Amino acid sequence: MIGRLPVVLLSFAALAHEQATEFTRARFEVIVPLLRQNRYAEAEQLTRDLLARAEAQVGPESLEVGRILTLLTDCRFRLGHREDPETVGYIERAVRIKTQTLGADHDETVQTSLVLAAALHNAARVAEARAIYERILAKLESGATVQSPRAIEILNEVAVQLYEAGEHGRARVFAERALERAERLYGPERPETAHVLSTMGFVLQAAGDLGGARTALERALRIRETKLGAENRLTIASYNNLGIALVNENQFAEALRLYEKANAAREKILGPEHPDNAIGLHNMADALTGVGDVAAARSALERALALRLRKLGEIHVLTGTTLSRLAALNLSQSQLDAALTYVGRAIDVFRRTVGPSHPYYLQAKALRAKILARLGRTTAAFGESVAAARQWTEHIRLTAQTMAERQALTYGLSDQLTAAELATALALDQPELGGAARREVWDHWIRARALVLDEMTARQRLVGRDADPELARLHWGLVDERRRLARLVLSAGGENTAERIAEAMRRKDRLERDLGDRSVTLRRDLRRGQIGFADVAAQLPPRSALVAFVRFRRDVPAAPKRAWVAAFVLLSGEEEPVLLPVAEESELEALVRDWRSRIAMAASDPLRAGKRAEALMRATGERLRRKIWDPLALYLGRAERVFLVPEGALHLVNFAALPTGTDRYLIESGPLLHTLSAERDLVPPESLRRGSNLLALANPAFSGPSPRRPPGAALRGATPACADLRQVRFGPLPATAGEVREIARLWPDANPTVLSGAQASETEFRAQAPGKRIVHVATHGFFQGEQCGASRLVGEAAGQSPLVFSGLALAGANRRQTAKEDEEDGMLTAEEIAGLDLEGVEWVVLSGCDTGLGQIRSRDGVFGMRRAFQTAGAATVIMSLWPVEDRAARDWMRALYANRLSRRLSTAEALREAGRSALQARRQSGRSTHPFFWAAFVGAGDWR
């Protein structure tokens, strides 16, 4: 929690009102230096004397009295009496006087109202504080805001209020607005700017941006040490704040040094019994625990609790945070009864102060579930953990609506997973919990999986459905910013490239947040976010099964704390799912890596992918199959169709290519398999535009002229591993032109749209893809992983946005370094693709190498082109998991479209039959049946 520090809200000029007396002005000139010297008790007494004199001379309801009451409140805040009824009474009276004399919307009244809101919040009168905040927020959003510098203080205070209310996405928006104005008005090295930087640091920590938080807090500390000195109360606060950031990065010794420095200075100024000392003691305990000094940590926490109980009472949010920390410490030492008592008290405090949807409350609930599990109270532990996981998911879903995508992906992840993983482990390891527990856990994972993808897709679809001009302005601004970012990452160079990329990413993030904030008020259909187990089970077709993999840590007494992958299995018509362990995550990753390495060997030299290479691949494939398929097959019964929801490394496996018997594959002997991005893919959208016609793009003129951007609005694609994408040149793909001609001949309607040569450009693709039924792209794809040095370097500047490192090479790609500002650069990144409107597109077929690869994120799948096209609205993406040989790819695509367009098979059936026909043709002709040749392509999304 942000340590609220008093801010001098008045200036001598403000008090020198026409009603003020010479006596008042003289006393004020004495009080301000006392405050700066930390002589708060003397300042309070003089202010009380000043108040009595002013009441007698100018009347108890005068504006001068209102300003003195505000100053008196400031003194009492500094003395630690923030929540006292007397303090609240003073500031309430000040607000009433200023409202009567200046008006409710005057900047001074607004600012004093925020002080009242802070006092009410400290006094646990959260609803009243929130009402004040809402009124001021509405005024700010209406545009009728005060001017700097008070606008900065108001924006900063609103950010604090939102932070403390748990609305971390919106808090960041207001903190950024405050910081931008502060730097413009005061300059980057002023204490006033440092005050906003401190707020920004806490908000960034809450949003999961630990690197950004540390940068902001280090900058604030440097300013305050330089301008104010080491023993100033604001500098002390910065020592403490930076210490918190260091603890979050596990740099405990460095954090401890800062805490000790802060605590010594604070006690010197305030004395050992001041309640603010509890802040330092509470935080120091985290650092002491980190360095292994548990006894000292316990002593610090117990002293902090005593101070808070004496000064704040039991029912105060700060008391609750110390109780919760003591519970965690006792749990780590296996003192379970004490831990349970402390956490019970903390939960009661948070319920009565910040409410049951606040992160503090949810963290405490998850902690109690862990304690109950350690005590062997399995049923109670499961109930607590699954309830906390559900509440976390809903909190994250709502918060993500006002966040940029990369921020939403990290927000609340560890807290949500703590509860969900415990619930999963209990449902798996404690069979007495029964089928109802397995249903509840799976229901959570269904709601939590691909949550951020759903949010980004909802924003995108709303743009095409709503005529709101502001929504459209934000959308097209975001489209332009994505183009600029892509150009910087893939084409630009020079000394300032990293700084320019970072600035472009900040602008993009801000537009994403503004778009999300705007779209929330316009949304009418939020059903996709509410789909759960019952909805999915009802949509499971007859004679089919659903298999969903989940990653979790088995943190219960029955097993050590390790990452595992488990699988849920549900047969159509059944009510209770099965949950079974698959393997440790590290073991599974190794098996997938070995199998894919054999595929890569065939890709490196297709002419040598003969019987010996296939035998080596089969050996590794059989080991993988025994782990990820054979245990499941025991529960699949006679299911004719199996839907798979992968997790982690399993996203990179085509299950149909797993070997069976002596020379067969699962595609030949097993059920029909289809991959879903999330279980919710089984539930059709309530309304969906239907596209028409075919767009087929092939053989772009990579070295041809770059088309002007309109105003306003062999192996395919194998790039060298970790090559600098700004320097890679793409070779021509003449054979792809024949592929799209064959597909166009199969198209039942007249005049499909075919783009090739110079027409196969970014401009034409953006213009032609929306509204189509099928979009077929046969060109080079590109992807670089996090391990690549160039990607890491640029990725740091780009905020680790994986979508800038994958995409499609189109016309002019080899001229991107020389393209002018008004020309396309020929590199269509996944970041740009995500901004297209492809709702109604049935298939996007990416006929190139490695088009299904990307960075894998827990819960949200693969971040690359498949993610981008799904965000844009495509129902199904058909892509490759490894490099594809040109002739084999052409034959496979011909079979795919014949099955879909001529035989009218479902997506899942068309994919299987294309693979089967390619495999059988190779077997009948005596050629190698290595999966490299026939199993590269997979589909993800709608199976119909």
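**Figure 1. Strand β11 runs antiparallel to strand β12 (residues 806–809), and three bridges join the pair.** This is a predicted model, in which local features need pLDDT of at least 70 and side-chain atom pairs count only at pLDDT 80 or more, while totals for chains, interfaces and linings use all residues. Residues are numbered from 1 along each chain as its sequence is written, and side-chain values use heavy atoms, with hydrogens and water left out. Helices (H or I, at least four residues) and strands (E, at least two) are DSSP runs, numbered from the N terminus. Two strands count as paired if DSSP finds at least two bridges between them. Look for phenylalanine 782, whose bridge partner in β12 is glycine 807. The whole sheet is open, with three strands in the order β11-β12-β13 and antiparallel pairing. Its edge strands, β11 (781–783) and β13 (827–829), each pair on one side only. From one strand to the next, the twist averages 30 degrees; axes here are lines fitted to C-alpha atoms, for helices over the stretch in contact, and angles run from 0 to 180 degrees between N-to-C directions.

**Figure 2. Strand β14 pairs in the parallel sense with β10, over four bridges.** Here is some background: strands of a sheet pair through backbone hydrogen bonds, either parallel or antiparallel. On the β10 side, valine 775 has valine 844 of β14 as its bridge partner. β14 also pairs with strand β17 (residues 876–880), again in the parallel sense, over three bridges. In that pairing, valine 845 stands opposite isoleucine 878. Which side chains of β14 (residues 843–846) point which way? Trp843 and Val845 point one way, Val844 and Leu846 point the other way, and all are buried. Buried means under 20% relative accessible area, exposed means over 50%, and partly exposed lies in between (1.4 Å probe, protein chains only).

**Figure 3. Helix α31 covers residues 735–746.** From its first C-alpha to its last, this helix of 12 residues reaches 18 Å, close to the 16 Å expected at 1.5 Å a residue. The expected span is 1.5 Å times one less than the number of residues. The buried residues of α31 include Thr736, Val740 and Ile743. Which elements do the buried residues of α31 pack against? They pack against β8 (694–700), β9 (753–757), β10 (774–778) and α36 (886–902).

**Figure 4. Tyrosine 259 belongs to the largest nonpolar core, a set of 121 residues.** A nonpolar core is a set of buried Ala, Val, Leu, Ile, Met, Phe, Trp, Tyr and Cys residues joined through side-chain atoms within 4.5 Å. Tyr259 is among the residues with the most contacts inside this core, along with Leu35, Leu69, Leu116, Leu242, Val343 and Phe350. Beyond its neighbours within four places in sequence, tyrosine 259 is in contact (heavy atoms within 4.5 Å) with Asn240, Gly243, Ile244, Val247, Asn283, Met284 and Ala287. Another core, of 100 residues, lies apart from it and includes Ala639, Tyr665, Tyr897 and Ala918. In soluble globular proteins, nonpolar side chains tend to be buried together.

**Figure 5. Two helix residues, isoleucine 628 and lysine 508, are seen with their contacts.** Isoleucine 628 sits in helix α28 (residues 611–628). Is isoleucine 628 buried or exposed? Isoleucine 628 counts as buried because its relative accessible area is 0%. Setting aside neighbours within four places in sequence, isoleucine 628 is in contact with Phe549, Val582, Leu588, Leu650, Val653, Phe655 and Leu658. Lysine 508 is found in helix α25 (residues 497–522), and lysine 508 counts as buried because its relative accessibility is 2%. With neighbours within four places again left out, lysine 508 is in contact with Leu478, Glu481, Arg482, Leu485 and Glu831.

**Figure 6. Three residues have a positive phi: glycine 103, arginine 543 and asparagine 693.** Glycine 103 follows α5, and its phi is near 100 degrees. That helix (residues 85–102) has 18 residues and reaches 25 Å from its first C-alpha to its last, close to the 26 Å expected. Arginine 543 has a phi near 55 degrees, a positive value in a residue other than glycine. Arginine 543 lies in the loop between α26 (533–538) and β1 (544–553), and arginine 543 is exposed because its relative accessible area is 53%. Asparagine 693, with a phi near 70 degrees, lies in the loop between β7 (672–675) and β8.
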